[in-house]
Amino acid sequence: MSLLRNEPSDWQSDPETSYIPIYHKGSLVGFFKQEYVNEILYFLNEEEVLKKALKKACGDLLKKTGGDTSKVNYLVQKYIKVSERPKYGTRAIALLLQERQKELDLNNQEFAKFCDTFKISPTELNNIYAGEAIDDNLLAPISRVLGISKERVQEVRDGGEAQTGT
């Protein structure tokens, strides 16, 4: 029985640690350790400023081009979506290839030759960068260039649901 008493309990408290409440527009959203509060608040407030700036810029753009100013939020969302890192699809593969090029410290011509040695022609590489669909026969060469499995490349291309047996 003494063995059980020497084991730490699953539930514990630490009276030495204090948490500070954070509010958004008067509503409590959470409690955080003191050492993180200033950084969290700075980041969240900075994000709000950037969103307001983007909304104002989109509104100004619509006014200057004679567009419908009621579509500001649509335009803001469009720019946010385009700016986000793609997780799936041809754009995601293209980004992985660009990152691999930087990792290898190769210029465009050198990287095209590098890819060609793995059976991705310069035309096929340009097609990927242009957003065209990636054929199954390119999955293995792309996987070798990126240094990841063919299944992972297919998962990225297909949106997370790689088909087995292809």
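## Helix α7 and what surrounds it

The buried residues of α7 pack against α4, α5, α6 and α8 (150–158). Buried here means under 20% relative accessible area, exposed means over 50%, and partly exposed is in between (1.4 Å probe, protein chains only). Helices are DSSP runs of H or I with at least four residues, strands are runs of E with at least two, and both are numbered from the N terminus. Helix α7 covers residues 139–146, and six of its eight residues are buried, so the rest of the structure largely encloses it. Those buried residues are L139, P141, I142, S143, V145 and L146. Right after α7 comes G147, with a positive phi near 75°.

This is a predicted model, so keep the filters in mind: local features need pLDDT of at least 70, side-chain atom pairs count only at pLDDT 80 or more, and totals for chains, interfaces and linings use all residues. Residues are numbered from 1 along each chain as its sequence is written, and side-chain values use heavy atoms, with hydrogens and water left out.

## T90 in helix α4

T90 sits in helix α4 and is buried, at 13% relative accessibility. What does T90 touch, leaving aside its neighbours within four places in sequence? Its contacts (heavy atoms within 4.5 Å) are I128, G131, E132, A133 and I134.

## A cluster of phenylalanines

F111, F114 and F118 make up one aromatic cluster. The rule for a pair is that rings of Phe, Tyr and Trp (its six-membered ring) have centres within 6.5 Å; planes under 30 degrees apart are stacked, over 60 edge-to-face, and the rest tilted. The count by that rule is two aromatic pairs. F111 and F114 are the stacked pair, at 6.0 Å centre to centre with 25° between the planes. Both belong to helix α5 (residues 108–117), three residues apart, or about one turn of the helix. F114 also pairs with F118: their ring centres are 5.0 Å apart and their planes are at 65°, so this pair is edge-to-face.

How much of each ring-bearing residue is covered varies. F111 is buried at 1% relative accessibility. F114 is partly exposed at 22%, and F118 is partly exposed at 23%.

## Salt bridges

The structure has seven salt bridges, each being a side-chain nitrogen of Lys or Arg within 4 Å of a carboxyl oxygen of Asp or Glu. One of them joins K51 and E47, at 3.8 Å from N to O. These two are four residues apart in helix α2, which means about one helical turn between them. K51 is partly exposed at 44% relative accessibility, and E47 is partly exposed at 31%.

In helix α4, E103 and R100 are three residues apart, about one helical turn, and they form a salt bridge with the closest N and O atoms at 2.4 Å. E103 is exposed, with a relative accessible area of 59%, whereas R100 is buried at 19%. Helix α8 has a bridge with the same spacing of about one turn, three residues, between E155 and R152; the closest N and O atoms there are 2.7 Å apart. E155 is partly exposed at 27%, and R152 is partly exposed at 36%. D136, R157 and D158 are joined into one network by salt bridges that share partners.

## Two positive phi values in loops

Most residues other than glycine have a negative phi. D105 has a positive one, near 55°. D105 lies in the loop between α4 (90–104) and α5 and is exposed, at 68% relative accessible area. K119 also has a positive phi, about 75°, without being a glycine. K119 lies in the loop between α5 and α6 (122–129) and is exposed at 62%.

## T65 and a nonpolar patch

T65 belongs to helix α2 (residues 34–65) and is exposed, with a relative accessible area of 57%. A polar atom of the T65 side chain lies 2.9 Å from the backbone oxygen of L61. T65 and D116 are 51 residues apart along the chain, and their C-alpha atoms are separated by 44 Å.

Y19, Y23, L28 and F31 make a nonpolar surface patch of about 460 Å². Strands β1 (19–24) and β2 (27–33) each give two or more residues to it, and Y23 is in β1. Patch members have over 30% relative accessible area and no salt bridge; nonpolar side chains (Val, Leu, Ile, Met, Phe, Trp, Tyr) are joined within 5 Å, like charges within 9 Å. The areas come from the Shrake-Rupley method with a 1.4 Å probe, and for residues only the protein chains shown count as cover.

Key
Polar contact = N/O pair within 3.5 Å; in protein donor to acceptor, adjacent residues only side chain to side chain.
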